[in-house]
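I opened a fresh notebook page for this one. I wanted to go from the overall layout down to single residues.

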Amino acid sequence: MMNRWEDYYKLLQVHYDAEFDVIEAAYKRLCKKYHPDINNSKHAEEKIKKINVAYEVLKDQRRRKEYHEEWIEKNRYRSFSPQTTTVQPPKTEEPKPAPPQPKPAPQREHTWKDGTDFSYDENARKVLIEYMITVSEFKYETAYNLLTDLNKANITFEKFKEWQDAVSKLYSLGGFKTKVFKSYKDHWLGTKKYDKAIEFEIDASEKDIKTGTVTDSHFTKVVVQEKNLWKVYLEYTDLDFLIYKFNFLNYSKDKTTMLEQIVEKEARVDPVTGMFNKRGFFDFIERENNRYIRYRSVFTIAIFAFTEEGSEKIDQKHIEHMAYCFNNYVRNTDIAAHVGNGVFALMMVETDHADAIFPCKRTMKGLKSELSQNLNIAIEIKTGVHEHSGHDPIKSFEIACEFAGVKDVDQFKRQSAML
C-alpha cells in the first residue's frame, strides 16, 4: 500500500514560505501539545510521529526544496484563498416573488460551562479584533477604552500609550487569526469576579522592526463581560517594568555584521561538548523571558549537576560522554547546555513545574543507567527544577542551581552581569 501524502506545512500550521525560525517555533508548540507525557489522547502518539516527520523534512534545506516542488504540483489547481467564489453569469428570467420569510427562531441562551470551548458570543471576538487592530494602527485611546474598568483603575492612559509606543519601536503586527479556547462562568481575574469570560487563542505574524524578520507568535487573550459590554482584560497591573524592558531592547538591539554574528555564535558554544555554554543558554532564557512578559508563555529551568567521587573536577572525556548521554534523553523541544564543569542546564519551553517533573525523572533514570554501564567510576547526579514566574530569568536559573546543590552559584551571577 502506498503511503498517504501529507501536507507538512498544514501539519505544522505554518505558511509554505515560512522561515526556519517560524517552523521551529511551531514544531515546539505542537510537540508540547501532543507529547505523550502530556497528552493522553489515543491519537497523540500517531500525531507526534507525523509532526516529527514533517519537521525533519522542512528543517533540511535540500529535502524541503524537493518536497516543496512536490507540494506545488499537488496544489497546482487549488485555490489558496478561502474566500474565493465562482461568479455565475446573471440569468435573464423574470424575477420570482420572494417566498414568505419564516419567523426568526427564539434566541437560545449560551450554555456557559467552566472549561468548555464551544460557547461564546461573537461580539466578544469583534471587541478583541477591534482592540488588536486599533493598537496596530496606533489608535491607543480607542484601544484603551476597550479595556476593563479594573485595568483602567490600575493603568493610566499615559502609561498604556508609553508601553505601546515602546513595543511599536521593536515589533509591528501583521495578520492574525482568533479562535475560542475556553469559556468560563463566574471566573475570577485579578481581584474581580466576572459573570462571563472567554479565552481566545491568537496566531499572529509579527515583524521585527530592526531586522525585518517576520515570525509567527501564539498567545492567548481574555475578553470579559462587564456591565453588559465585552471588554479586553490585561493581566498586568503595573507597566513600568515592561516599558523599561522594551525601551532597553530598543536601545541595545543593533544590527551586526556577518563576521560579528559568526564570532558571537562561536562565543555561545561550549568547545568540549558542542552544546550551548552559559552565555548561549542565558541568551535563550532571556528570549523566552520576553515571550513570558508579552504572552505569559511559561517555561521551566532544570539543572543536572554531576559529581565524580574522589575528584573535585570531572575529566573532560567523561564530560563528553555525559553530554552525549544527556542529549539522548532530553526532549527535542528543550534547550540543553553545559554551563559548568559537569553542570548541565535544560530550558523546558511551554512547560510548567508539574509537567517538567516526569521528563526530568526519566532523564535522571536514563543517565544513571547509561553512565553506570559505560563509565567505571562512581557518579552522583543532583537535580534542581524551577518554573520561571518573575521578570528576572537569571534569578530563576540561580534558584534551580541552588536546588541542585551547585555551590559556586556566584560564578553564574558574575557571568550574567557581564552579558
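My entries follow, one topic at a time.

**Overall layout**

I am working with a predicted model. I counted elements first: the chain has 15 helices and 8 strands. Then I checked burial. Of the 419 residues in the chain, 42% are buried. I also looked at contact range. Among contacts with a separation of 6 or more, 66% join residues 24 or more positions apart.

**Nonpolar cores**

Which residues touch the most other members of the largest nonpolar core? I found Tyr131, Phe160, Trp163, Phe281, Ile285, Ile303 and Phe397, in a core of 57 residues. Helix 11, residues 278–295, gives the most to this core, with 7 residues. I then found a second, separate core of 22 residues. Its members include Phe304, Cys325, Val330 and Met348.

**Helix 2**

I tested the length of helix 2, residues 20–34. Its 15 residues should span 21 Å at 1.5 Å a residue, and the end C-alpha atoms are 21 Å apart, so the two agree. I listed its buried residues next. They are Val22, Ile23, Ala26, Tyr27, Lys28, Arg29, Leu30, Cys31, Lys32 and Tyr34. I noted that the list holds the charged residues Lys28, Arg29 and Lys32.

**Helix 12**

I ran the length test again on helix 12, residues 316–329. This helix has 14 residues and reaches 20 Å from first C-alpha to last, close to the 20 Å expected. Which residues of helix 12 are buried? I got His318, Ile319, Met322, Ala323, Cys325 and Phe326. For spacing, I kept a general point in mind: an α-helix has 3.6 residues a turn, so residues three or four places apart point the same way.

What do the buried residues of helix 12 pack against? I found strand 5, strand 6 (335–340), strand 7, helix 13 (353–374) and strand 8 (379–387). Cys325 of helix 12 also appears in the second core.

**Cysteines**

I searched the whole structure for disulfides and found 0. I looked up two cysteines for burial. Cysteine 325 has a relative accessible area of 0% and is buried. Cysteine 401 also counts as buried, at 0% relative accessibility.

**Aromatic pairs**

I counted 18 aromatic pairs. How far apart are the ring centres of phenylalanine 276 and phenylalanine 284? They lie 4.8 Å apart with planes at 65°, so I logged the pair as edge-to-face. The partners' burial came next. Phenylalanine 276 is partly exposed, at 29% relative accessibility. Phenylalanine 284 is buried, at 17%.

I took phenylalanine 306 and phenylalanine 344 as my next pair. Their ring centres are 5.4 Å apart and their planes stand at 80°, so this pair is edge-to-face. Phenylalanine 306 lies in strand 5 (residues 299–308) and phenylalanine 344 in strand 7 (residues 343–349), so the pair ties together parts 38 residues apart in sequence. Both phenylalanines, 306 and 344, are buried.

I also logged one aromatic cluster, formed by Trp5, Tyr8, Tyr9, Tyr67 and Trp71.

**The hairpin of strand 3 and strand 4**

I looked at how strand 3 (residues 214–226) and strand 4 pair. The sense is antiparallel, over 5 bridges. Valine 222 stands opposite tyrosine 233 in strand 4. Strand 4, residues 229–233, is mostly covered, with 4 of its 5 residues buried.

The hairpin has 2 residues between the strands, and I checked the backbone there. As a general rule, most residues other than glycine have a negative phi. Lysine 227, in the loop between strand 3 and strand 4, has a positive phi near 55°. Asparagine 228, found in the loop between those strands, has a positive phi near 65°. Are these loop residues buried or exposed? Lysine 227 counts as exposed, at 67% relative accessibility. Asparagine 228 is exposed, with a relative accessible area of 72%.

**Aspartate 186**

My last look-up was aspartate 186, found in strand 1 (residues 171–189). At 39% relative accessibility, aspartate 186 counts as partly exposed. Leaving out residues up to four places away in sequence, I found that aspartate 186 touches Lys193, Tyr194 and Asp195. I also took a distance to alanine 197. Aspartate 186 and alanine 197 are 11 residues apart in sequence, and their C-alpha atoms are 8.1 Å apart in space.

Notes. Residues numbered from 1 in each chain as written. Predicted model: local features only at pLDDT ≥ 70, side-chain atom pairs only at ≥ 80, totals over all residues. Heavy atoms only, no water. Core = buried A, V, L, I, M, F, W, Y, C linked by side-chain atoms within 4.5 Å. Buried < 20%, exposed > 50% of the residue type's maximum accessible area, 1.4 Å probe, protein only. Expected span 1.5 Å × (residues − 1). Phe/Tyr/Trp six-rings, centres within 6.5 Å; stacked < 30°, edge-to-face > 60°. Pairing = 2+ DSSP bridges. Disulfide = S-S within 2.5 Å. Contact = heavy atoms within 4.5 Å.
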